[in-house]
Amino acid sequence: MTRALLIVDVQNDFTEGGALAVAGGDRVASGITTLLAGHAADYDLVVASRDWHDAHGDNGGHFAGDPDYVDTWPVHCVAGTTGADYDPLLDTTAITHHVVKGQGRPAYSMFEGATAEGETVAELLSAHGVLAVDVVGIATDHCVRATASDAIAHGVRVRILTDLVAGVGADSSAAALAELAHAGAELAPGRADGSDPDGSDPDGADPDGSNPDGSDLDGSDPDRSDPGGRETLDARHGAR
Ligand SMILES: [Zn+2]
């Protein structure tokens, strides 16, 4: 099965020491590097996004001096600055497509961005016949959530490598993962060391092999997730 890895916003401003640092960001960056060292060949495409805001103005209300950390944020990821660069712990050599998003406006999902050639992520996935994606990066409760949600809507199989994501809030991150599982994503732990977590085929022949005994590995059993989560997701989409 044609598979892509989607690496969301592993940038200096979102990792330790950054303007909008997310705890665990460095761990995610180095974990993705380890994954790619052992498994880059599993992926036909490796697409990485960067939040890439204008230096002037508030980017459509995205920046605020008194941010609420829900809809408004401190200044971060200004295009061309060190904060907007990929974290140096992320080895970018295996990345096949670089996407930027958020120029002059809020953009959480990498599906809202484009490559330098103007291709959207949806266009890339369609053009390459991608049927499944693995999603990793920052932040679980914001840009990973929005990206995975758009990938589900695009119609590909979505697996979130839960050891390779980091979120702003623990509760909101757990809720985001539960909501995505409810919407159809598979939550797959165990790839942070570059090993295959479950012995499942990278071609996706084993759709549920990550959880062979049916146990609830991460506490986010979709059947027991917050029933309001989906409404929240839909409402957020409608608001865009
Ligand atoms: Zn932003």
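This report describes the β-sheet of a predicted model and the helices that lie across its strands.

The sheet is open and has six strands in the order β3-β2-β1-β4-β5-β6, with parallel pairing. Strands β3 and β6 (186-188) stand at the edges with a single partner strand each, so one side of each is left without a neighbour in the sheet. From one strand to the next, the twist averages 25 degrees.

Three of the strand pairs are listed below, each with one pair of facing residues.

| Strand pair | Sense | Bridges | Facing residues |
|---|---|---|---|
| β1 (residues 3-8) and β2 | parallel | five bridges | A4 and L45 |
| β2 and β3 (residues 97-101) | parallel | five bridges | D51 and K101 |
| β4 (residues 132-138) and β5 (residues 157-166) | parallel | six bridges | A132 and R157 |

Strand β2 (residues 45-51) is mostly covered, with seven of its seven residues buried. In a regular strand, side chains alternate between the two faces of the sheet. In β2 both faces are covered: L45, V47, S49 and D51 are buried on one side, and V46, A48 and R50 are buried on the other. Two of these buried residues also appear in the table: L45 is the bridge partner of A4, and D51 stands opposite K101 in β3.

Helix α1 (residues 25-39) forms a right-handed β-α-β unit with β1 and β2. The helix α1 lies across β1, β4 and β5, and runs at about 125 degrees to β5. Helix α3 (residues 140-154) also lies across β1, β4 and β5, running at about 165 degrees to β4.

Notes. Residues are numbered from 1 along each chain as its sequence is written. This is a predicted model: local features need pLDDT of at least 70, side-chain atom pairs count only at pLDDT 80 or more; totals for chains, interfaces and linings use all residues. A residue is buried if 20 or more other C-beta atoms lie within 10 Å of its own, exposed if 12 or fewer, and partly exposed in between; C-beta atoms are placed from the backbone. Helices (H or I, at least four residues) and strands (E, at least two) are DSSP runs, numbered from the N terminus. Two strands pair if DSSP finds at least two bridges between them. A crossover is right-handed if, with the strands pointing away from the viewer, the path from the first strand over the helix to the second runs clockwise. Axes are lines fitted to C-alpha atoms, for helices over the stretch in contact, and angles run from 0 to 180 degrees between N-to-C directions. Two residues are in contact if their C-beta atoms, placed from the backbone, lie within 7 Å.
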